[in-house]
Amino acid sequence: DADVLVHVVDATGRSDQDGNVLLAQPLQETDGEVEMVTKASSPSEDAQWIREELHRWIYGNVKAKWPSVVRQLKSRCAAEQKPSTATRLWQLFSGYQAPRSCIELAALRSELDLHDA
């Protein structure tokens with residue numbers, strides 16, 4: 001397991017999405033002047049893509065594990081050993097190094113009552 005993800009973003013905006021350095025190419029010549037253009041990626045677009053990709057990855061993992069979470073909660077409920085919903089959610093996200101306070105804040109913001117669930 002990795003505890004860190006490193007993604008290098010070219011803040012100069014002089015590379016494409018694959019990290020290849022781009023050289024300006026002449027676009028067109030008008031009145032003796034040449035306009036230069038590059039097809040570089042934007043650092044802010046790169047950062048936004050990373051954020052969205054991480055969200056999709058975590059969502060996909062949670063969605064895949066959710067049936068087992070529900071099964072465990074139901075089976076433990078029948079056995080009178082039901083863990084709290086907050087505890088089970090924290091266990092689900094602990095692999096992402098998410099502290100319990102983060103899970104509780106997310107539940108609060110989404111108006112999910114972890115104590116009644």
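A patch consists of residues with over 30% relative accessible area and no salt bridge, in which nonpolar side chains are joined within 5 Å. The exercises below concern a predicted model.

**Exercise 1.** Determine which residues form a nonpolar patch on the surface, and classify Val 6 as buried or exposed.

*Solution.*
1. The nonpolar surface patch is formed by Val 4, Val 6 and Val 8.
2. Together, these three valines have about 350 Å² of accessible area.
3. Val 6 lies in the segment that precedes β1 (25-30).
4. The cut-off for an exposed residue is over 50% relative accessible area. Val 6 has 67% relative accessibility and therefore counts as exposed.

**Exercise 2.** State how many helices and strands the protein has, and give their pattern along the sequence.

*Solution.*
1. The protein contains 3 helices and 2 strands.
2. Along the sequence, the pattern reads β-β-α-α-α.

**Exercise 3.** Identify the residues of the largest nonpolar core, the helices that supply at least two of them each, and the contacts of Ile 103.

*Solution.*
1. The largest nonpolar core has 6 residues: Ala 86, Leu 89, Ala 98, Ile 103, Ala 107 and Leu 114.
2. At least two residues of this core come from each of α2 (85-93) and α3 (100-109).
3. When residues up to four places away in sequence are not counted, Ile 103 touches Leu 89, Trp 90, Phe 93 and Ala 98.

**Exercise 4.** Find what percentage of the residues count as buried, and what share of the exposed area carbon and sulfur atoms supply.

*Solution.*
1. The protein has 117 residues, of which 16% count as buried.
2. About 9,600 Å² is exposed by the protein, and carbon and sulfur atoms supply 53% of this area.

Key: Residues numbered from 1 in each chain as written. Predicted model: local features only at pLDDT ≥ 70, side-chain atom pairs only at ≥ 80, totals over all residues. Heavy atoms only, no water. Patch = residues over 30% accessible without salt bridge, like charges linked within 9 Å, V, L, I, M, F, W, Y side chains within 5 Å. Areas by Shrake-Rupley, 256 points an atom, 1.4 Å probe, with all protein chains shown as cover. Salt bridge = Lys/Arg side-chain N within 4 Å of Asp/Glu carboxyl O. Helix = DSSP H or I, 4+ residues; strand = E, 2+ residues; numbered from the N terminus. Buried < 20%, exposed > 50% of the residue type's maximum accessible area, 1.4 Å probe, protein only. Core = buried A, V, L, I, M, F, W, Y, C linked by side-chain atoms within 4.5 Å. Contact = heavy atoms within 4.5 Å.
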